[in-house]
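Me: I would like to understand how the labels used for a protein model are justified. Could we go through a few of them slowly, setting each value against its rule?

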Amino acid sequence: MSEQIAAQHLSLHHLTRLNATPVELVDAAADGGFDMCGVRIVPVDKGERVFDLVGDSQLRRRFARRLHERGVRLLDVEAVWIRPETEVKSLVPALRTAAELGAQYVLTVGYDENRTRLVDTLGQFADRAAEYGLTVPIEFITYSAITGLADAVDVTRAVGRGNLAVLIDFLQFFRAGAEWDVLAGIPTSALPYAQISDGPAAAPPTVDALRREARSARMVPGTGELDLERLIAALPPGIPLSVEAPTVELAEQPLGAAARILGEATRKVLAASAANARS
């Protein structure tokens, strides 16, 4: 495998095994050959349980110590869903925690159908994130209020903050219609990293099925039918890839073993993409 592939930053996304503790996540990332990980510190759904890295200083210290011990960096924290009722001031402790732990990005999703209010709230949130040196990537999701890549670009332009970016989730990119022309027009600086997984070519037929696939039935990179290599080639070269792959086939595996499988599979996809680019 080429030096370029070996040096590619790979991050283990928490959704791959959401019930893993932050410390278990770090260990699995290191065991799987990942040099980064991402951690969920803000509930996506009301009542969702998250490990309280924001409020539990002991857990936060253990997590930070384990990151250092295993040589794993924190790529991002997630996921802030901007809803109609979102109060930005309530998210400041999470931003402070993200910065304290060394994260670069706070992954954000728009879930407010009132576009004027969504743009305003995102602006407020980006301003507060900037105070902590954090970038706010906007992820488009087919079942959110920002459903596709062009829509995400429009929202970031409307918000007009320098610390906003666009986050491409490979599965969501294809499920939203694979807007290659839009992707080609985005500045590389606005695409700091991406999330990779695989899936069947055909999209699930309902919103509930799309949500279920995204949250629990993705596929190991390279084992599905999505054109991962083309998308890798269309992204800025060498950006970190966060492996977000909650899969049925790996659900019963110990997380460390699952991480090794995911890391090896992702590096094979990267190697194939690089080989095709050279040919």
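Me: What makes the radius of gyration of the protein chain agree with that of a compact globule?

Reply: In this predicted model, the protein chain has 279 residues, and a compact globule with that many would have a radius of gyration near 19 Å, so the 18 Å of the protein chain agrees with the rule. Along the principal axes, the C-alpha trace spans about 50 × 45 × 35 Å, and 55% of the 279 residues count as buried.

Me: Why is the pair of F173 and F174 called edge-to-face?

Reply: The ring centres of F173 and F174 are 5.3 Å apart, which is to be set against a limit of 6.5 Å for a pair. Their planes stand at 85°, and because an angle over 60 degrees counts as edge-to-face, the pair of F173 and F174 is given that name. F174 also pairs with W180, again edge-to-face, at 6.0 Å centre to centre and with 70° between the planes. F173, F174 and W180 form one aromatic cluster; F173 and F174 are buried, and W180 is buried as well.

Me: How do you know that R230 lies over the face of W180?

Reply: R230 is placed at 3.9 Å from the ring centre of W180, and the rule asks for a distance within 6 Å together with a position within 35 degrees of the ring normal. R230 is listed as lying over the face of W180, and R211 is likewise listed over the face of Y143, at 4.9 Å from the ring centre.

Note on methods. Residues are numbered from 1 along each chain as its sequence is written. This is a predicted model: local features need pLDDT of at least 70, side-chain atom pairs count only at pLDDT 80 or more; totals for chains, interfaces and linings use all residues. Side-chain values use heavy atoms; hydrogens and water are left out. Rings of Phe, Tyr and Trp (its six-membered ring) pair if their centres lie within 6.5 Å; planes under 30 degrees apart count as stacked, over 60 as edge-to-face and the rest as tilted. Buried means under 20% relative accessible area, exposed over 50%, partly exposed in between (1.4 Å probe, protein chains only). The radius of gyration is taken over C-alpha atoms; the globule rule is 2.2 Å times the number of residues to the power 0.38.
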